[in-house]
Amino acid sequence: MKRAGVGFREHTGWAAMVALGGGVTAPVVLARSRYELSEGDLPRAVYHAARQLDLENAGRLVQQVGLVARTAAESQLRRTVAELEAAGYEVVGTAVAAPRELPADLSEILGSHPLVHTAEGQLFRGALAEATGLLGLRVTRFEPHALYDETAVRIGASDASLSAQLTGLGRALGPPGQRGPKEAAAAAWLALAGSERRTSPALEPQD
């Protein structure tokens, strides 16, 4: 089987997903999708909503949204893996943005607007990483601000060359200016390259 990597770029309540396959030097887009990580009347910005509740109910709401996000991520990733396998590709892993450190005390998070924003992103990053683990796949974590630099280093290309190749993937990544799919593609490239090269300490895959 040929190899494929799946990359994610999370947003509030959803994530851009891109799968790349083939050779690491010149992969092709195999799939692109929007993973929905929320459902029904549940708030996407759950920590913002939780600030309006007492602490006990706030905790319950956060747990509920987190469970829904993980379940949705697992279901959609399982479908993506099955579709890629049917097309002759083995998914070697995913790449998800690195976790952020947060206080253990929920009240401390809810009392800080910057921490609330950080926690929103962390919830959906965590759901994607946990879904990857549930499928028995390798997950590579990356720092969003250094994604393109890290990908270029991993594949042995210059930043300019990487940018040109991502642009060259064309319409499969969506209209020009859509940052999410392009970042998800770079993440997928990281996942694909990670099956051939040992990761740097900063990007060591995490369980």
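Contact means heavy atoms within 4.5 Å. Helices (H or I, at least four residues) and strands (E, at least two) are DSSP runs, numbered from the N terminus. The model is predicted: local features need pLDDT of at least 70, side-chain atom pairs count only at pLDDT 80 or more, and totals for chains, interfaces and linings use all residues. Residues are numbered from 1 along each chain as its sequence is written, and side-chain values use heavy atoms, without hydrogens and water.

**Exercise 1.** Describe the open sheet and the helix that lies across strand 3.

*Solution.*
1. The five strands follow the order 3-2-1-4-5, with mixed pairing; two strands pair if DSSP finds at least two bridges between them.
2. Strand 3 (28-36) and strand 5 (138-142) are the edges, each with a single partner strand, so one side of each has no neighbour in the sheet.
3. Neighbouring strands are turned by 25° against each other on average, direction ignored.
4. Strand 2 (residues 14-21) pairs with strand 3 in the antiparallel sense over eight bridges; G21 has V28 of strand 3 as its bridge partner.
5. Helix 2 (residues 55-86) lies across strand 1 (2-11), strand 2, strand 3 and strand 4 (89-97), at about 160° to strand 3. Axes are lines fitted to C-alpha atoms, for helices over the stretch in contact, and angles run from 0 to 180 degrees between N-to-C directions.

**Exercise 2.** Determine how helix 5 and helix 6 pack.

*Solution.*
1. Helix 5 (residues 147-155) meets helix 6 (residues 159-168) at about 100°, with axes 9 Å apart.
2. The two helices are therefore roughly perpendicular (65 to 115 degrees).
3. Y148, D149, T151, A152 and I155 of helix 5 make the contact with D159, L162 and L166 of helix 6.

Notes: Angles under 35 degrees count as roughly parallel, over 145 as roughly antiparallel, 65 to 115 as roughly perpendicular and the rest as oblique.
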